[in-house]
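Here are my notes for your read-through. Keep the structure open beside them and look up each residue as you go.

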Amino acid sequence: MDERQLRVLRELGELGSVTAVAEALMVTPSAVSQQLRLLQRSVRVPLTEREGRRLVLTPAGRALAAAAIDVETALARARHAVEEFLDQPDGVVSVAAFHSAAAGLWPRLVRGLAFPGAPRIALADEDVSQEDFPPLAHDYDIVLGHRLDHSPAWPKTVSATPLLHEPLDIALPVGHPLTDKARLTPHDVADQPWITVHDGFPLMATVEAVAAAADRRLHIAHRINEFAVVSEVVAAGGGIALMPRWTARPHPAVVLRPLSGVHARRHVDALHRPEHAARKAVRIVLAELLRAAAAVSGDGPETAPGTAGRP
């Protein structure tokens, strides 16, 4: 039995005829009869009987119709609870991100949501390969993932809010001969020792594209995923690296130079299951992430603490 069937039974007991029930529910009499037949299949005793030309409830039918009132009341309370949950602006919103996006966006997100009644965010770092970002949307309300220009789009199991289309630059130590050039080509950097991410992580495909464009195998000296550590190794003269232009923390002993000749950009997107965006709190956090991304990239103003998300 389901809610529709119980409601039809209740209305029949109160209105007294199939025709009256059909008019009240704005359906056809045959639809009412079908719902009654489906309900009867789930009950071992008759729920209705003929009284002249009228269809009326049996004692068992009247008992079930009375119980249907309680069912409809409980469902109404449940719907109201869900509506209150969806409209609650200060609920908890869990946000996961890979390290450089977290470093670049989270401080602005925290400051932007520092006002009474703002959503309460629960932050977690997740440094995974590209294909592992969408499954994280099962565990978090919002997941910040990144992919390269030429990589596959995110699957349709998640919704994606674009945050950044971020250039990837070559990181060099201060005083390196290549810092004299305004832009670098794959041939310029092919003979250098490289610091790269581990295999399977998005930026590795751009490193491979550099090797292909220069038509030579690169010397990979170190594999480090955390850009803060990469910056320290670059500054110490341990090699060159690809570095995101906006989200990686600047280092005083590291210089960034644009790379020409290959697609050297990445998409940073906020992934979430479509149903999560039904919550007002999640929508507020997504809007603040967009403001934070605009500020990071220079396309928007810095958000003053405690002002984001206000009506």
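**Notes on the charged pairs, the cores and the rings**

1. Let's start with a charged pair: Arg291 makes a salt bridge with Glu288, and their closest N and O atoms are 3.0 Å apart. Bear in mind that this is a predicted model. Both residues sit in helix H10, and because they are three residues apart there, about one helical turn separates them. Their surroundings are worth a look too: Arg291 is partly exposed at 34% relative accessibility, whereas Glu288 is buried at 0%.

2. Not every salt bridge has to stand by itself. Arg10, Glu14 and Glu72 are joined into one network by salt bridges that share partners. The count for the model comes to 12 salt bridges.

3. Now try a pair that reaches across the sequence. The side chains of Arg266 and Glu166 meet in a salt bridge of 3.0 Å, N to O. Arg266 is in strand S11 and Glu166 in strand S6, so to speak distant parts of the chain, 100 residues apart. Are these two buried or exposed? Arg266 has 0% relative accessibility, so Arg266 counts as buried. Glu166 also comes out at 0%, and therefore counts as buried.

4. Strand S6 holds a partner for another salt bridge, too: Asp169, in that strand, is linked to Arg245, in the loop between strand S9 (240–244) and strand S10 (254–257), 76 residues away. The side chains of Arg245 and Asp169 meet at 2.8 Å, N to O. Arg245 is partly exposed, at 35% relative accessibility, while Asp169 is buried, at 3%.

5. Next, the nonpolar side chains. In soluble globular proteins, such side chains tend to be buried together. Here the largest nonpolar core has 37 residues, and those with the most contacts inside it are Phe133, Ile142, Leu144, Leu163 and Val285. Among the elements that give two or more residues to this core are strand S3 (92–97), helix H5 (99–112), strand S5 (142–148) and strand S11 (265–272). Which element gives the largest share? That is H10, with nine residues.

6. Have a look at Leu163 in particular. Leaving aside neighbours within four places in sequence, Leu163 is in contact with Leu105, Leu144, Val268, Asp269, Ala270, Leu289, Leu290 and Ala293. There is also a second, separate core of 33 residues, which includes Val189, Val210, Val254 and Leu259.

7. On to the rings, where the count comes to two aromatic pairs. Phe98 and Phe133 are edge-to-face, with 6.0 Å centre to centre and 70 degrees between the planes. Phe98 lies in the loop between S3 and H5 and Phe133 in helix H6, so this pair ties together parts 35 residues apart in sequence. Phe98 and Phe133 are buried.

8. Phe133 turns up again with Trp154: this aromatic pair is edge-to-face, 6.2 Å centre to centre with 90 degrees between the planes. Trp154 is in the loop between S5 and S6, 21 residues from Phe133. Both Phe133 and Trp154 are buried. Put the rings together and Phe98, Phe133 and Trp154 form one aromatic cluster.

9. Last, a histidine to check. His176 lies in the loop between S6 and helix H7 (186–189). Why does His176 count as buried? The relative accessible area of His176 is 15%, and buried means under 20%. The side chain of His176 makes a polar contact of 3.1 Å with the side chain of Gln192.

How values were computed: Residues are numbered from 1 along each chain as its sequence is written. This is a predicted model: local features need pLDDT of at least 70, side-chain atom pairs count only at pLDDT 80 or more; totals for chains, interfaces and linings use all residues. Side-chain values use heavy atoms; hydrogens and water are left out. A nonpolar core is a set of buried Ala, Val, Leu, Ile, Met, Phe, Trp, Tyr and Cys residues joined through side-chain atoms within 4.5 Å. Buried means under 20% relative accessible area, exposed over 50%, partly exposed in between (1.4 Å probe, protein chains only). Helices (H or I, at least four residues) and strands (E, at least two) are DSSP runs, numbered from the N terminus. Contact means heavy atoms within 4.5 Å. A polar contact is a pair of N or O atoms within 3.5 Å; within protein, one must be able to donate a hydrogen and the other to accept it, and residues adjacent in sequence count only if both atoms are side-chain atoms. A salt bridge is a side-chain nitrogen of Lys or Arg within 4 Å of a carboxyl oxygen of Asp or Glu. Rings of Phe, Tyr and Trp (its six-membered ring) pair if their centres lie within 6.5 Å; planes under 30 degrees apart count as stacked, over 60 as edge-to-face and the rest as tilted.
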